[in-house]
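Welcome, and thanks for taking a look at this one with me. Please have the sequence and the structure open while you read.

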Amino acid sequence: MKSIQSRLFLMLLIFIIIPYFLSVFFIYGYTKNRVEQQALEVSNNQMNKLSAEIEQYFQDIINLPYILYRNPDLFQIFSHDIEDSRYSNPITREKSIETIYLMRNEIRQVRFYLNRNKESFTAYNARVSVPKLNPDLLNQESLNKLYHSNLNYLIEPPHQIVNFNNTAIVPKSDKTVVLTIHNKIIDVFSNEFLGLITIDIDLDAYARLCNSLIQENEESVLLIDSNDRVMYASDPALIGKLVPFDLLKRINEKDKDTGEDIILSKTLSGSLNQWKLIKITPSQFLFHDASQTAYTNILVGIGVGIMGLLMIGFVSYRITRPIKTLSQKVRSIEGGNMNVPFDHNREDEIGHLEKHIKDMMDRINLHIEREYKLDIENRKNEFRALKSQVNPHFLFNALQSIGAVALRSHSPNVYQLVTSLSKMMRYSIRADQWVLVRDEVDYIKAYLSLQMVRFGNDINVSIKLNEEILSTKIPSMMIQPLVENFFKHCYEEGFYNSHLNIYGEIKEENLTLSVENSGSSVSHSKLQSLRETIYTAPHERTYSNDHIGLKNIHDRLVLNYGNNAGLKLDTKQGQSFLVQLVIPLDTKVTDDQHTSFYNKIDTI
C-alpha cells in the first residue's frame with residue numbers, strides 16, 4: 001500500500017464502502033430481530049387462542065356421549081335388558097342411537113357396546129346396524145386399558161375408518177381417516193361398568209382449526225398427543241404415526257430458532273393434557289422482507305463501490321499518472337541511467353519537481369565525471385605501486401642467499417630456490433587477475449621457502465584453510481603483502497620468536513581470511529592511525545606511500561565487493577597484530593567484469 005492509487009483505494013474502502021456495508025448488516029440484523037419478535041408475538045397469541053379452541057372442541061366431543069346421563073330414556077339402553085324395555089323396538093332403538101350420531105356433522109360412525117349382553121350396535125350414515133354379539137371386544141389392547149383404568153375416555157390416533165361390527169352398513173369404498181374416542185359408561189350410583197360409546201370423527205373439523213395457524217404454504221402445523229403420536233399434521237404422511245426422532249428433537253428445543261426453522265410449541269391442558277400444538281415456520285419465509293431489503297441495500301452498495309472505483313480510476317489517471325511517470329524516471333536513475341529525459345512543459349508541482357531533478361542530475365553527472373576520473377587515476381597509480389612491491393632489497397637478499405647456497409654446495413637446493421623465485425615472479429605478473437585462494441597460498445609457500453634460506457628453518461608459520469575456502473576466487477596479491485609485512489616488522493626487526501598464523505572461516509555469507517602475527521604489536525594510537533589511513537577514501541587524503549599495501553588491499557576489496565568488504569585491524573590488547581580480510585560471498589563478480597575493469601584502467 002505504498003502507491004498513491006493504493007492509498008486512495010484503501011481510503012475509499014475504509015471510509016465509504018466498509019461503513020456502508022456495516023450499516024447494511026446492522027440494519028438487516030435489527031430488522032430481522034424486530035420481525036422475529038413481532039412474528040413470535042403474533043404467533044404466540046394465535047397459539048394461545050387456538051389452543052383454547054382445540055381444547056374446547058375436544059372437550060365437547062368427549063362430553064357428547066354423556067348426554068345420555070341427562071336422558072333417562074336413552075340411558076335405559078345400557079341399564080336394562082333390551083328385551084324387557086320399550087327399546088327392544090328397533091325403531092325406538094335406532095332413533096335413540098341416531099340422537100347422538102346426528103348431534104355433530106363430523107361424526108362418521110358411532111358404536112354402542114352393552115356390557116350386560118356383550119353386544120353392540122353401530123350407527124353409520126344415519127343408519128343403525130342390527131345388534132351383534134361381541135364378547136371379546138374388551139380384550140382389545142386400547143379398550144382393555146380403558147376398562148382397567150380410572151379414565152372415562154380414550155383417544156386413539158387417526159386411522160382409516162373400520163367397520164366395527166363387520167356388517168354391510170359401512171361400505172368398503174369409504175377410506176376416510178378418522179379419530180376414535182372411546183367413552184366409558186358407568187352407573188353413577190353403583191359405579192358399575194355398563195358399556196362403551198365409541199365415536200369416529202372426521203379430521204376436517206379440528207384440521208380447520210389447526211390450519212388457521214398457517215398463513216403460507218411454507219408453514220406447517222402439528223397436533224401430537226402425550227405419547228408423541230401425530231393426531232394431525234399439515235403433512236398427511238405423518239398423521240397417525242409417531243413423530244420422527246429428528247423432528248421431535250427440534251420440537252423439544254421449544255421456541256428456539258434452529259437455524260432453518262422457527263418452532264413454536266404450546267402444551268395443551270384439560271382433556272388434552274400434555275398434548276402439544278406445534279407451528280413450524282421457515283426462517284427464510286419469516287425474514288423474506290428483511291432479506292429483500294438487505295439484498296437491495298447490498299446491490300446499491302455494489303453500485304456505489306463501482307462508482308467509487310471509477311472515480312479512483314479517473315483520479316489516478318489525472319493525478320497519479322504524472323506521479324507514477326516521475327517515479328519511474330527516478331527508478332531509472334537508480335538503475336544507472338543518468339540521462340533520463342524530463343518534461344519542461346508542465347507548470348504545476350510535478351513540472352516544478354522535474355525541473356529541479358533535472359538540474360540536480362546535471363550537477364551530479366558533472367561531479368561524478370570529475371570524481372570518477374580522479375579515482376581511476378589514483379587506482380592506476382596504486383596498482384602500479386602494488387606491482388612493484390617485490391622491492392629491490394628483497395631481490396638482493398634472495399639472490400645473495402641463492403649465491404651462498406651455490407658456493408657452499410652444488411646441490412639440487414639451488415634449483416629449488418630458483419624454481420621458487422620463478423614461481424613468485426610469474427605470479428606477481430598476475431596482480432590484476434582473479435585467482436583461487438589455493439593459488440595465493442602456493443605463492444606464499446614459494447615465498448616462505450626463500451625466506452627459510454635467509455632466516456633458517458626456524459620460521460614459525462601455520463596455514464589452516466579448508467577445501468571450501470581454498471576453492472574460493474579472490475583478487476590476486478591479497479594475502480602475500482600481509483605475509484611480507486610479517487618478515488619486515490618481525491624477523492627483520494629481531495623478533496625471531498614470532499609466529500605467523502593464516503586461517504579463515506565462512507560465517508553468515510562472509511569469508512574472513514585472518515593473518516595474525518603473535519610476535520609484535522602496535523600501540524593503540526598507532527592502530528587508530530592505521531585505521532584512519534586505510535579507511536579514508538582516496539580523494540579525501542593526500543597521496544602517500546605509507547602503508548600502501550594495507551591501503552591497496554582494503555580499497556581493492558571495497559572496489560570489487562562493495563562497502564560490506566574490507567580490512568579489519570586488531571591488536572588483541574597488545575598481544576599480537578591481526579589483519580582480517582572480510583569478503584561477502586553473495587556478491588557475484590565474474591572474471592569478465594574484473595578484466596573489463598582493469599582494461600578500463602589501462603585505457604586511461
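The points below are short notes on a few strands and two loop residues.

1. A word before we start: this is a predicted model. Please keep that in mind as you go through the points.

2. Let's begin with β1, which spans 107-114. This strand is mostly covered, as seven of its eight residues are buried.

3. What does β1 pair with? One partner is β7, which runs antiparallel to β1 and is joined to it by seven bridges. If you would like a pair to look up, R111 has T198 in β7 as its bridge partner.

4. β2 also pairs with β1, again in the antiparallel sense, over six bridges. Here you can find F112 opposite F121 in β2. Together, β1 and β2 form a hairpin, with four residues between the two strands.

5. Now step into the turn of that hairpin, where K118 sits. K118 lies in the loop that leads from β1 to β2 (119-124). Its backbone is worth a look: phi is positive, about 55°, although K118 is not a glycine. Is K118 buried, partly exposed or exposed? Its relative accessibility is 33%, so K118 counts as partly exposed, since that class lies between the 20% and 50% cut-offs.

6. A second residue to visit is N191, in the loop between β6 (177-186) and β7 (193-202). N191 is not a glycine either, and its phi is positive, near 60°. Because its relative accessibility is 61%, N191 counts as exposed; the cut-off for that class is over 50%.

Conventions: Residues numbered from 1 in each chain as written. Predicted model: local features only at pLDDT ≥ 70, side-chain atom pairs only at ≥ 80, totals over all residues. Heavy atoms only, no water. Buried < 20%, exposed > 50% of the residue type's maximum accessible area, 1.4 Å probe, protein only. Pairing = 2+ DSSP bridges.
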